[in-house]
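Open your viewer and get ready to click along. At each stop you will select something and then read what is there.

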2 protein chains.
Amino acid sequence: MAKAIFYHAGCPVCVSAEQDLLNLIPSEAVEVVHLRNEKAKVAAAEKAGVQSVPALVLSNGNVLHINFGAAIADLK
Amino acid sequence: MAKAIFYHAGCPVCVSAEQDLLNLIPSEAVEVVHLRNEKAKVAAAEKAGVQSVPALVLSNGNVLHINFGAAIADLK
């Protein structure tokens with residue numbers, strides 16, 4: 001089975017929640033891509049349909065956008 | 001470890017994506033609650049911070065909102 005890909009950009013507000021999600025998914029089933037550190041992969045993420053991070057692109061092509069990034073209220 | 005709780009309301013657009021996510025998470029680690037069928041649990045979901053479905057409430061209290069429900073574009 002192809003791996004799912006978890007895209008994020010190091011959002012400090014979301015790191016805790018992201019880590020929790022990754023704790024739930026077996027590590028062999030998901031690849032983690034940090035788009036700020038791996039900018040060459042941004043185009044592939046866009047092509048896959050990623051509109052915001054964090055997002056989980058599933059092996060069947062479905063894209064789950066999680067929290068649509070940080071809300072202003074979360075940053076206060 | 002306390003289970004995570006996956007709240008949804010049977011949104012037909014999201015069923016496929018939801019199922020994919022649940023395929024990634026071991027079933028013993030997550031409880032699934034269908035809020036349209038289990039309306040008595042809506043108050044608990046709200047208290048946990050759920051603002052839209054589907055959402056995943058983690059055992060540490062973090063809430064991951066996924067896709068904020070269906071976008072209009074998804075329904076066309």
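**A proline to begin with**

Select Pro54(A), which is found in the loop between α2 (42-48) and β3 (55-57) of chain A. Keep in mind as you look around that this is a predicted model. Now show the backbone just before this proline: the peptide bond from Val53(A) to Pro54(A) is cis, with omega near 0°. Next, jump to the other chain and pick Pro54(B), in the loop between α2 (42-48) and β3 of chain B. Here too a cis peptide bond joins Val53(B) and Pro54(B), and omega is about 0°.

**Two chains, one turn**

Colour the chains separately. How is chain A laid on chain B? A turn of 180° with a shift of 0.0 Å along the axis does it, giving an RMSD of 0.0 Å. That is the relation of a two-fold axis. Now look at where the chains touch. Of the interface residues of chain A, 100% are also interface residues in chain B, so the copies meet through the same surface.

**The sheet of chain B**

Hide chain A for a moment and show chain B as a cartoon. You should find an open sheet of four strands in the order β2-β1-β3-β4, with mixed pairing. Which strands stand at the edges? They are β2 (30-34) and β4 (63-65) of chain B; each has a single partner strand, so one side of each is left without a neighbour in the sheet. From one strand to the next, the twist averages 20°.

Zoom in on β3 (residues 55-57) of chain B, which pairs with β4(B) in the antiparallel sense over three bridges. Select Ala55(B) and look across to β4(B), where His65(B) stands opposite. Then add the helix α1(B): it lies across β1 (4-8) and β2 of chain B and runs at about 170° to β1(B).

**The helix and its packing**

Bring chain A back and select its helix α1 (residues 15-24). The buried residues of this helix are Ala17(A), Glu18(A), Asp20(A), Leu21(A), Leu22(A) and Leu24(A). What do they pack against? Their partners are β1 (4-8) and β2 (30-34) of chain A, together with β1, α1, β3 and β4 of chain B.

Move over to Asp20(B), in helix α1 (residues 15-24) of chain B. Apart from its neighbours within four places in sequence, Asp20(B) is in contact with Leu58(A), Asn60(A) and Asn62(A). Asp20(B) is buried yet has no salt bridge, and the nearest side chain of opposite charge, Lys3(A), is 17 Å away.

**Charged pairs**

Side chains of opposite charge can pair when their charged atoms come close. How many salt bridges are there over all chains? A search of the whole structure finds four.

Show the side chains of Glu31(A) and Lys41(A), which meet in a salt bridge at 3.8 Å, N to O. This pair links distant parts of the chain: Glu31(A) is in strand β2 and Lys41(A) in the loop between β2 and α2 of chain A, 10 residues apart. Add Glu38(A), whose side chain also meets Lys41(A) in a salt bridge, at 3.1 Å.

For your last stop, select Glu31(B) and Lys41(B), which form a salt bridge at 3.7 Å, N to O. Glu31(B) lies in strand β2 of chain B, and Lys41(B) in the loop between β2 and α2, 10 residues apart. Back in chain A, salt bridges that share partners join Glu31(A), Glu38(A) and Lys41(A) into one network.

Note on methods. Residues are numbered from 1 along each chain as its sequence is written. Chains are lettered from A and ligands numbered from 1 in the order in which they are written. This is a predicted model: local features need pLDDT of at least 70, side-chain atom pairs count only at pLDDT 80 or more; totals for chains, interfaces and linings use all residues. Side-chain values use heavy atoms; hydrogens and water are left out. Helices (H or I, at least four residues) and strands (E, at least two) are DSSP runs, numbered from the N terminus. Buried means under 20% relative accessible area, exposed over 50%, partly exposed in between (1.4 Å probe, protein chains only). Lys and Arg count as positive and Asp and Glu as negative; His and the chain ends are not counted. Contact means heavy atoms within 4.5 Å. Copies are superposed by least squares on the C-alpha atoms of residues with pLDDT of at least 70 in both. Two strands pair if DSSP finds at least two bridges between them. Axes are lines fitted to C-alpha atoms, for helices over the stretch in contact, and angles run from 0 to 180 degrees between N-to-C directions.
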